[in-house]
Amino acid sequence: MPKGQSCPKVKGMQEMQPDTVKVQTLTGPTIPPEKMLENVVDASNFLKALAHEGRLMILCHLSSGPKSVTELEHLLASRQAAVSQQLARLRLEGLVSARRDGKAIFYSLQDPKIIRTVALVYNMFCNPD
């Protein structure tokens, strides 16, 4: 996360106590290697979309509700072109959706997986111990 920026509060975030960390193991039916490979490719693309500070900050801000491009510019202290470029990548990956309201375009989180992932990342890195 860029210096001077803090994690926004994630809507619906539950406080986790350090002594309540649970380790989850992968159990259940195994899937065929071909399906696993397909899933790994999808997971890799999903994680690549998150692997950029600007995109991750956009997703954190959108977790509290829809934001216009102008709002995101101010929250990120970034130029419109840079914000728009990152939003385009997030749209391409199907993680955010856009809606036009007059001249403004509002973005919101689209994929339920991204909401869960942003909450997890928030708990791991932004939640004070």
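**Salt bridges, helices and surface of the predicted model**

Arg89 has a relative accessibility of 26% and therefore counts as partly exposed, since the partly exposed class lies between the limits of under 20% for buried and over 50% for exposed residues. The structure described here is a predicted model. Arg89 takes part in a salt bridge with Glu93, in which the closest N and O atoms are 3.4 Å apart. Glu93, at 29% relative accessibility, is likewise assigned to the partly exposed class.

The count of salt bridges comes to three. Another of them joins the side chains of Glu38 and Lys35, with a distance of 3.4 Å from N to O. These two residues are three positions apart in helix α1, and are therefore separated by about one helical turn. Glu38 is partly exposed, its relative accessible area being 44%, and Lys35 is partly exposed as well, with a value of 38%. A further salt bridge is formed between Asp111 and Lys113, where the closest N and O atoms lie 3.7 Å apart. The two partners of this bridge fall into separate classes of accessibility: Asp111 has a relative accessible area of 15% and is buried, whereas Lys113, at 44%, counts as partly exposed.

The overall fold was examined next. The protein contains five helices and three strands. Read from the N terminus, these elements follow one another in the order α-α-β-α-α-β-β-α. The protein has 129 residues, of which 29% count as buried. Among contacts in the protein with a separation of 6 or more, 59% are accounted for by residues 24 or more positions apart. A pair that is distant in sequence is provided by Thr70 and Ala104, which are 34 residues apart along the chain and 8.1 Å apart in space, from C-alpha to C-alpha. Thr70 is located in helix α3, which covers residues 69–76, and Thr70 is partly exposed at 45% relative accessibility.

Helix α1 comprises 18 residues, from 33 to 50. At 1.5 Å a residue, a helix of this length should span 26 Å, and the end C-alpha atoms of α1 are 25 Å apart, which agrees with the expected value. The buried residues of α1 are Phe46, Ala49 and Leu50. When the helix is seen down its axis, its buried residues fall within an arc of 110 degrees, so they line one face of α1. On the other side of the helix, Pro33, Glu34, Leu37 and Leu47 are exposed. The buried residues of α1 pack against three helices, namely α2 (53–62), α4 (80–92) and α5 (112–125).

One of these partners, helix α5, was considered in the same manner. With 14 residues at 1.5 Å a residue, α5 should span 20 Å, and its end C-alpha atoms are 20 Å apart, in agreement with that expectation. Ile114, Thr117, Val118, Tyr122 and Asn123 are the buried residues of α5. These buried residues pack against α1, α2 and the strand β3 (104–109). Thr117 illustrates the packing between α5 and α1. This residue, situated in helix α5, is buried because its relative accessible area of 18% is under the limit of 20%. When neighbours within four places in sequence are left aside, Thr117 is in contact with Phe46 and Leu50, both of which are among the buried residues of α1.

The surface was characterised last. The accessible surface of the protein comes to about 9,100 Å², and 57% of this area belongs to carbon and sulfur atoms. Ile31, Met36 and Val40 make up a nonpolar surface patch of about 250 Å². Of these residues, Ile31 is placed in the segment before α1. With a relative accessible area of 37%, Ile31 is partly exposed.

Notes:
Residues numbered from 1 in each chain as written. Predicted model: local features only at pLDDT ≥ 70, side-chain atom pairs only at ≥ 80, totals over all residues. Heavy atoms only, no water. Helix = DSSP H or I, 4+ residues; strand = E, 2+ residues; numbered from the N terminus. Expected span 1.5 Å × (residues − 1). Buried < 20%, exposed > 50% of the residue type's maximum accessible area, 1.4 Å probe, protein only. Arc of directions from axis to C-beta. Contact = heavy atoms within 4.5 Å. Patch = residues over 30% accessible without salt bridge, like charges linked within 9 Å, V, L, I, M, F, W, Y side chains within 5 Å. Areas by Shrake-Rupley, 256 points an atom, 1.4 Å probe, with all protein chains shown as cover. Salt bridge = Lys/Arg side-chain N within 4 Å of Asp/Glu carboxyl O.
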